[in-house]
Amino acid sequence: MSQTVEQIISAKWVIPVSRDGRKSNKILNDYSVVVDKGIILELVPTAKVLSKYTTDHHFQLTDHALIPGLVNIHTHAAMSLFKGLADDLPLMIWLENHIWPAEREWVSDEFCEDGLKLAIAEMIRCGTTTFNDMYFQPNMTAKVAHKLGMRATVGMLMFDFPSVWGNGPEDYLKKGLQLRDDYKHHDMIQFAFAPHAPYTVSDEPLKKIATLSNELGIPVHMHVHETAHEVKEALKATGKRPIKRLQELGLITPNLIAVHMTQLQRGEIELLVQNGVSVAHCPQSNMKLASGICPVQELMTAGVNIAIGTDGNASNNDLNMLAEMKSAALLGKVFTGSAQACSAHDILHAATYGGAKALGQEDTIGSIEVGKAADLTAINLNSIESQPVYDPVSQIVYTAGREQVSHVWINGVIKLNNQQLVGIDIDEVIQRANHWKNAIQGQA
């Protein structure tokens with residue numbers, strides 16, 4: 001007698017993504033993923049699935065690849081409302097002369113709520129099911145992500161200086177931990193300490209974060225070695241490269257998600273390996289701001305866990321993880337001078353399991369395995385651009401566009417159905433984006 005389940009997703013290719021990367025990557029042809037109560041129950045050849053299970057919701061995706069939901073490891077999601085505000089400028093000029101003044105003028109709960117809706121709608125349409133955020137008003141990040149059914153890790157932001165979210169390190173920390181406590185029963189909303197960068201947070205607050213991170217097992221999400229200028233200024237101010245200072249403060253641990261990391265020496269890479277640090281690679285933002293290139297292949301070869309992020313919409317200017325994967329693969333090749341560097345399979349692993357591992361959630365998300373949450377993305381490869389298909393992973397990384405993402409499930413709940421967002425009013429999202437554009441443009 002067959003078992004009744006919530007849904008069956010049958011696809012031309014199921015790409016589970018293995019825990020140890022390309023070495024044991026496999027592609028399951030004509031397979032089905034059985035989902036019940038939001039959890040992956042079984043992977044079964046499609047020819048046999050209906051002899052074991054019945055369902056009222058059978059998705060038959062005969063031209064599609066089914067992959068784990070993409071994990072965007074570094075975002076400033078509400079910054080979507082600053083998209084295109086100040087382009088083609090170096091990082092510090094962009095920040096100090098344009099972005100920070102705009103944030104002081106405009107950021108509020110209402111601004112962040114509307115910016116988050118815009119960002120989450122875009123991310124789902126790009127196949128992203130989890131994002132790791134660092135921005136003001138994390139209370140709104142948690143609220144909107146929960147309301148829209150998006151899996152999020154919310155950054156408990158910290159600076160040395162006051163902002164719209166807090167008046168100093170102690171206030172930031174108190175508010176962040178209180179917010180985390182408010183959401184302790186919400187499985188899809190997790191938290192990370194989010195000290196902005198070594199140059200904006202001083203030693204004592206960073207020591208406190210290191211202690212709490214180790215005690216509570218909470219990730220630390222931080223911009224580190226983003227530019228040569230940052231490292232140069234740190235040497236001038238402290239006599240130490242930022243990574244050395246962070247090591248002395250107790251932050252170089254498996255809990256650290258070090259974002260950007262374009263300026264690395266051999267000994268620093270060895271330090272990352274020895275201490276289990278994850279690196280968040282944001283190739284498009286790094287290229288757009290001319291910040292430098294993260295040595296991704298060298299890091300992967302050494303054994304560092306790599307995850308992929310888009311950075312904020314104001315410095316990318318999109319949240320498109322498919323495009324980010326292609327950029328990561330191509331940039332890795334030209335940087336090393338080897339066409340074998342940053343393979344499609346390795347990059348897909350980084351954008352799924354690598355992100356999950358960085359967040360400490362590899363037992364819940366990041367691969368299509370029995371017992372894991374049904375965070376899934378379907379990509380239609382039956383298009384002119386993606387034909388013929390010799391290797392679906394290569395087609396996903398090198399040819400697929402976000403318009404080919406057809407279905408997205410988060411925790412077993414469908415969020416994109418035949419390219420149509422579920423539970424998000426696109427017209428309202430666009431109307432609010434234009435409201436803010438008109439207000440900001442009128443002020444300029």
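**Figure 1. Ser 10 is a buried residue of strand β2.** With a relative accessible area of 6%, Ser 10 counts as buried (buried means under 20% relative accessible area, exposed over 50%, partly exposed in between, with a 1.4 Å probe and protein chains only). Strand β2 covers residues 7-14 and includes Ser 10; helices (H or I, at least four residues) and strands (E, at least two) are DSSP runs, numbered from the N terminus. The side chain of Ser 10 forms a polar contact of 2.5 Å with the side chain of Ser 32. A polar contact is a pair of N or O atoms within 3.5 Å; within protein, one must be able to donate a hydrogen and the other to accept it, and residues adjacent in sequence count only if both atoms are side-chain atoms. Not counting residues up to four places away in sequence, Ser 10 touches Tyr 31, Ser 32, Thr 46, His 58, Phe 59, Gln 60 and Leu 61, where contact means heavy atoms within 4.5 Å.

The model shown here and in the other views is predicted: local features need pLDDT of at least 70, side-chain atom pairs count only at pLDDT 80 or more, and totals for chains, interfaces and linings use all residues. Residues are numbered from 1 along each chain as its sequence is written, and side-chain values use heavy atoms, with hydrogens and water left out.

**Figure 2. Asp 375 is buried in a loop before strand β15.** The loop that holds Asp 375 runs between α13 (344-358) and β15 (376-380). Asp 375 has a relative accessible area of 4% and is therefore classed as buried. Leaving out residues up to four places away in sequence, Asp 375 touches Ile 67, Pro 68, Gly 69, Thr 129, Thr 130, Arg 151, Ile 365, Trp 409, Ile 410 and Asn 411. A polar atom of the Asp 375 side chain lies 2.7 Å from the backbone nitrogen of Asn 411. Gln 274 is 101 residues from Asp 375 along the chain, and the C-alpha atoms of the two are separated by 31 Å.

**Figure 3. Asp 87 makes side-chain polar contacts with Lys 288 and Asn 317****.** Asp 87 sits in the loop between β7 (70-75) and α2 (91-106). Its relative accessible area is 30%, so Asp 87 is partly exposed. The side chain of Asp 87 makes a polar contact of 2.8 Å with the side chain of Lys 288 and another of 3.3 Å with the side chain of Asn 317. Apart from neighbours within four places in sequence, Asp 87 is in contact with Lys 288, Ala 314 and Asn 317. The C-alpha atoms of Asp 87 and His 260 are 19 Å apart, with their positions 173 residues apart along the chain.

**Figure 4. Two cis peptide bonds lead into Asn 317** **and Pro 388****.** Most residues other than glycine have a negative phi, and most peptide bonds are trans. The bond from Asn 316 to Asn 317 is cis, with omega near 15 degrees. Asn 317 belongs to the loop between β14 (305-308) and α12 (321-336), and its side chain is the one in polar contact with the side chain of Asp 87. The bond from Gln 387 to Pro 388 is also cis, with omega near -5 degrees. Pro 388 is in the loop between β15 and α14 (392-398).

**Figure 5. His 225** **and Asn 418** **have positive phi values.** Phi of His 225 is near 50 degrees, a positive value in a residue other than glycine. The loop between β11 (220-224) and α7 (228-238) contains His 225, which is buried, with a relative accessible area of 0%. Asn 418, likewise not a glycine, has a positive phi of about 50 degrees. This residue, Asn 418, lies in the loop between β17 (413-417) and β18 (420-421). At 51% relative accessibility, Asn 418 counts as exposed.

**Figure 6. The whole protein has 15 helices and 18 strands****.** Buried residues make up 59% of its 444 residues. Of the contacts with a separation of 6 or more, 73% are between residues 24 or more positions apart. The C-alpha trace spans about 70 × 45 × 45 Å along its principal axes.
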